[in-house]
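Let's read this structure together, one feature at a time. Ask whatever comes to mind as you look.

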Amino acid sequence: MLLAIEFRSHSAIALYIKKNYNFEVIKVQLPFSFCGASQNEKLDEVIKSVAVATKDKDVFKYPAQNKVVIVDESIFGKLKSLLNLEAIYISDSFSELLPLPDIASYLPFKMNLVELSNIRANQNLIGSFFPITPRDVVIQAAIAKTIIRQLGFYKDSFPEEMLLCGPVFNLVPRPSQAVEIFLDGVDGVGATYLYQDKVGVALPMAAASLKVVAGDFVALGSVVIWPGPLTVDLFFDGAITAQKVILDNESIARFPLREGQTVRVIGHGEKGDFEAELLGGEVGLVIDSRHRPLVLPQTEAVRFKVLKEYWGSLNK
Amino acid sequence: MKVPVLSVIKYSQKITLTRHFPHNGQILVKVGEVVTPITRLAAAKVSFLRQDLSFDGRLLVKTADWVKGGQVLSKTGFFGGENLIAPFAGVVETINVQDQTLTLASPPRDFFLVAGCEGQIMEILEGNLIKIQTDATTVRGVLGLNNGFGELILDTQMKEEESVGKIILTKYLNKVLFSKAKTLGVAGIIAGSLDWENFLEIRRLAIGLVILEGFGVTVSEDQNNSAFKVLESKLGKFVALEGQNSEVLVPELPSRDKPAVLPLLAELTAGAYVKIFGWPYFNAVGTVTEVLSGGHTFDSGLTAPAARVKLLSNSKEVVVPIETLGVLVN
């Protein structure tokens, strides 16, 4: 049975429940001619595609009109009430108002702004969102970071746990890259636990009135953002002896900490002290002691070097 | 795996073309009348050349003044600047003192709106909108703005006075070409491609525009599936730009053959002729040589169903995710 649909700009994510009550997520490419089509036309096309993919004729009986989420600018304001979970959604359609120099400042290589603006425009219009090369991954991430910063989410502090969802977070090759986008985009200070919606199930589940719980997603781990210089004592899994870490104000440090493992973190810094009991995940524990709001070096060569170092710290 | 079907060119029967007569004039046809491309639908006196000019200093003319070509329209003051010289003879249509601009229009001449297609008058609305039923080839672009109707000419054929009311076809629309087209009073532009930053400026103006392939892309040289190539073969014909649908309609003689109905999605198989919508091969066309079984891991680190495609431009074989493909069918 088809439960719910999330309409993105060029595709739809359909949530299908099988006879054994397991979920299946089916991605449907929408024809390009559907850019201006009505919701009912799109709905018919998605139902047909799901019927073909699942060989389930009963899909047509589904009264789906009220179980559809349309992703547009308004989605950002609705996320918390839809999911009942704090979340950041990065769409596959980017506002043309995003400042290009800000996007380029997150790139560790030189890129012509005309080329960047053309890529963004084509992507909004007809392009596929799938990154084929590492360069494309970095460009998508730079756009996502700029969107998060522009939207001004979590400028001061963070909730206990957060979900990273939407096409960008579905298509990052490594879980640590989802964390990297979050850390480079937000301006807040504090600790939070991050989950990644790897398959794009969050919004269709919410549309189907299914309870969205953290367990449905990839548990990435804990992040601490606390501007340095910083001295941190880490007590892994109830250890009595601390692992001491000293970070300057330009560092990101990643520590392996599996899902289910805990760490007690006690930090002493110029901006004050903090103490927290944190959980691990696929990425582990990440401590980011960079200045907030994040300021990247103006000189191109220095910025490229620093961005590569940040990338290396997280993706080692 | 199914992928979208791209129908760049299709033949449509009994479509409605709306001819817009933007002036106070006389309608010369009646509802039900059968027309040919040269049937006069309406007549009026029209200025064929119109240009916005900036001035500083003291203005020497007022609205509705007739001026000669080369006449000084404004004189600079004590602090220098340049005198404004009339680029052609005409009448001062408007003056905006705040923006320090004036609009100069050439002397009105007789203008006849012709049908531009074989068909039948279906409706005449508000005295200046004439709807004609006709058959047409539809060329689909990716984005459009406003409407326009006129004879299709190449950008290299654009000449003063002869370009008024024409539709310009260009592979790449840059700022210089656009300014020239606007000054010469063209009815619309069909561009294979342009840069997004130029589009931002152009879209503020009420001129018909259809972009065929995307922003900053190289226009396809494929003879059968390139929208540009098809339109190049229609030079000299009247065409209609339907900006809201991103389409160019080329009226054709009626045909008895029923147009083919294409599916929206089609199964991807070896031999399919496709267009790629993912970087770094965006807008490239080629033939699928193999649909790979299982997932393929790309350099980005992502794994997805993939196909091997032989590119038309250099015969190189590349592996791309199936979700970045569209099948070209015409």
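Q: How many bridges join strand β2 of chain A to strand β3 of chain A, and do the two run parallel or antiparallel?

A: First, some ground rules. This is a predicted model, in which local features need pLDDT of at least 70 and side-chain atom pairs count only at pLDDT 80 or more, while totals for chains, interfaces and linings use all residues. Residues are numbered from 1 along each chain as its sequence is written, chains are lettered from A and ligands numbered from 1 in the order in which they are written. Helices (H or I, at least four residues) and strands (E, at least two) are DSSP runs, numbered from the N terminus, and two strands pair if DSSP finds at least two bridges between them. Here, β2 (residues 11-17) and β3 (residues 23-29) of chain A run antiparallel, joined by 7 bridges. I17(A) stands opposite F23(A) in β3(A).

Q: Which residue in the hairpin of β2(A) and β3(A) takes a positive phi?

A: Y21(A) does, with a phi near 65 degrees; the hairpin has 5 residues between the strands.

Q: What is the order of the strands in the open sheet of 6 strands in chain A?

A: Read across the sheet from one edge to the other: β5-β6-β7-β8-β14-β11, with mixed pairing. At the edges are β5 (87-89) and β11 (252-255) of chain A, each of which pairs on one side only. Neighbouring strands of this sheet are turned by 25 degrees against each other on average, direction ignored. Such angles rest on axes, which are lines fitted to C-alpha atoms (for helices over the stretch in contact), and run from 0 to 180 degrees between N-to-C directions.

Q: How do β11(A) and strand β14 of chain A pair, and which helix packs on the sheet there?

A: β11(A) and β14 (residues 284-288) pair in the antiparallel sense over 4 bridges, and R254(A) stands opposite V286(A) in β14(A). Helix α9 (residues 300-314) of chain A packs on the sheet, touching β11 and β14 of chain A, and its direction makes about 15 degrees with that of β11(A). Contact has a cut-off: the C-beta atoms of two residues, placed from the backbone, lie within 7 Å.

Q: Which residues of helix α4 of chain A are buried?

A: Burial is a matter of counting neighbours: a residue is buried if 20 or more other C-beta atoms lie within 10 Å of its own, exposed if 12 or fewer, and partly exposed in between, with C-beta atoms placed from the backbone. In α4(A), the buried residues are L116(A), S117(A), N118(A), I119(A), R120(A), A121(A), N122(A), Q123(A) and L125(A). Their packing partners are α3 (100-105) and α5 (134-151) of chain A, together with β16 (143-145), α2 and β20 of chain B. As for its length, α4 (residues 113-125) has 13 residues and reaches 18 Å from its first C-alpha to its last, close to the 18 Å expected at 1.5 Å a residue. That expected span is 1.5 Å times one less than the number of residues.

Q: How many residues of chain B are in contact with chain A?

A: 31 residues of chain B meet 27 residues of chain A. On the chain B side, β1 (2-6), α2 (196-202), β20 (208-215) and β27 (317-321) each supply at least two residues, and β1(B) gives the largest share, 5 residues. By class, this side has 19 nonpolar, 7 polar and 5 charged residues. Ala, Val, Leu, Ile, Met, Phe, Trp, Tyr, Cys and Pro count as nonpolar, Asp, Glu, Lys and Arg as charged, and the others, Gly among them, as polar.

Q: How many helices and strands are there in chain B?

A: Chain B has 3 helices and 28 strands, and 37% of its 330 residues are buried. Its C-alpha atoms fill a box of roughly 75 × 60 × 30 Å, taken along the principal axes.

Q: Which domains does the domain assignment of chain B give?

A: Domain bounds come from an automatic or database domain assignment. For chain B, the assignment gives domain 1 (2-42 + 112-252), domain 2 (50-105) and domain 3 (268-328). The centres of domain 1 and domain 3 of chain B, taken over C-alpha atoms, are separated by 33 Å. Their contact takes 11 residues from domain 1 of chain B and 11 residues from domain 3 of chain B.
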